[in-house]
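Colleague: I am new to this structure and should be grateful for a close look at one part of it. Please begin at a single loop and work outward from there, so that I can place it within the whole.

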Amino acid sequence: MASHQKVHTFEEVSKHNQTKDCWLILSGKVYDVTSFMDDHPGGDEVLLSSTGKDATTDFEDVGHSDSAKEMMEKYYIGEIDPATVPLKRQYIPPQQAQYNSDKTPEFVIKILQFLVPLLILGLAFAVRHYTKKEE
């Protein structure tokens, strides 16, 4: 495994994001998993979704077996230059609408959504009843 100690930049690794050319970053190491794409139990989409970033968390969250971790050695091609890896973006929660403590307008709208169709239906019956010719 330590025979290739080539150091790759994040930009270089990020370019390898296709089914026919796929590199992953796991725990500071770079793996060329192109030949494993068809054999991966989760499908190639799982591997492709982990390109262009540090996929360590994705890999660990799945809970891979020890044999899967040992298998990775044959795909190892070098290390990642940590200075080139972008910092993780801080999570910014989406903006939420202000809490409406006065529920009256919402309540009125719900009542109207129920009453207006009933009034239209009642009006239709009244018009039909009074305009109907008596035979």
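Modeller: Ser27 sits in the loop that links β3 to β4. In this predicted model, the phi angle of Ser27 is near 50 degrees, a positive value in a residue that is not glycine. The two strands on either side of this loop are a convenient way into the rest of the chain.

On one side is strand β3, which spans residues 21-26 and contributes three residues to the largest nonpolar core, the most of any element. That core has 13 residues, and the members that touch the most others are Cys22, Leu26, Tyr31, Val33 and Leu47. For Leu26, the contacts beyond four places in sequence are Tyr31, Asp54, Ala55, Thr56, Phe59 and Met72. A separate core of seven residues also exists, and Phe10, Trp23, Ile25 and Ile80 are among its members.

On the other side of the loop is strand β4, residues 29-32, which pairs with strand β5, residues 76-80, in the antiparallel sense through three bridges. Within this part of the sheet, Val30 of the chain faces Gly78 in β5. Strand β5 is mostly covered, as four of its five residues are buried. Strand β5 also pairs with β1; these two strands run parallel and are joined by two bridges. Here Val7 is the residue opposite Glu79 in β5.

Taken together, the five strands make an open sheet of mixed pairing, in the order β1-β5-β4-β3-β2. Its edges are β1 (7-8) and β2 (17-18), each of which pairs on one side only.

The loops that lead into and out of β2 also deserve attention. Before that strand, His16 occupies the loop between α1 (10-14) and β2. Is His16 buried or exposed? His16 counts as buried because its relative accessible area is 16%, and the limit for burial is under 20%. Setting aside residues up to four places away in sequence, His16 touches Asp21, Cys22, Trp23 and Thr51. Of these, Cys22 is one of the best-connected members of the largest core, whereas Trp23 belongs to the other core.

After β2, Thr19 lies in the loop that runs on to β3. Thr19 is partly exposed, with a relative accessible area of 31%. Its contacts beyond four places in sequence are Thr34, Met37, Asp44 and Leu48. With Leu48, the C-alpha atoms are 7.1 Å apart in space, although 29 residues separate Thr19 and Leu48 in sequence.

Charged pairs form a further part of the picture. Side chains of opposite charge can pair when their charged atoms come close. The structure contains two salt bridges. In one, Lys6 is joined to Glu12, with the closest N and O atoms 3.9 Å apart. Lys6 counts as partly exposed, at 45% relative accessibility, and Glu12 is partly exposed as well, with a relative accessible area of 24%. In the other, Asp58 is joined to Lys53, and the closest N and O atoms are 2.9 Å apart. Asp58 is partly exposed at 28% relative accessibility, and Lys53 is likewise partly exposed, with a relative accessible area of 34%.

It remains to set these details within the chain. The protein chain has five helices and five strands, and from the N terminus its elements follow the order β-α-β-β-β-α-α-α-β-α. Of its 135 residues, 23% count as buried. Among contacts with a separation of 6 or more, 66% are between residues 24 or more positions apart. The chain exposes about 10900 Å², of which 58% is supplied by carbon and sulfur atoms.

One annotated stretch completes the account. An unreviewed UniProt entry assigns the annotation "transmembrane region" to residues 107-127. In the model, residues 107-127 are 100% helix and 0% strand, and the end C-alpha atoms of this stretch are 30 Å apart.

How values were computed. Residues numbered from 1 in each chain as written. Predicted model: local features only at pLDDT ≥ 70, side-chain atom pairs only at ≥ 80, totals over all residues. Heavy atoms only, no water. Salt bridge = Lys/Arg side-chain N within 4 Å of Asp/Glu carboxyl O. Buried < 20%, exposed > 50% of the residue type's maximum accessible area, 1.4 Å probe, protein only. Core = buried A, V, L, I, M, F, W, Y, C linked by side-chain atoms within 4.5 Å. Contact = heavy atoms within 4.5 Å. UniProt positions renumbered as here; feature names shortened; annotations may be inferred. Pairing = 2+ DSSP bridges. Areas by Shrake-Rupley, 256 points an atom, 1.4 Å probe, with all protein chains shown as cover.
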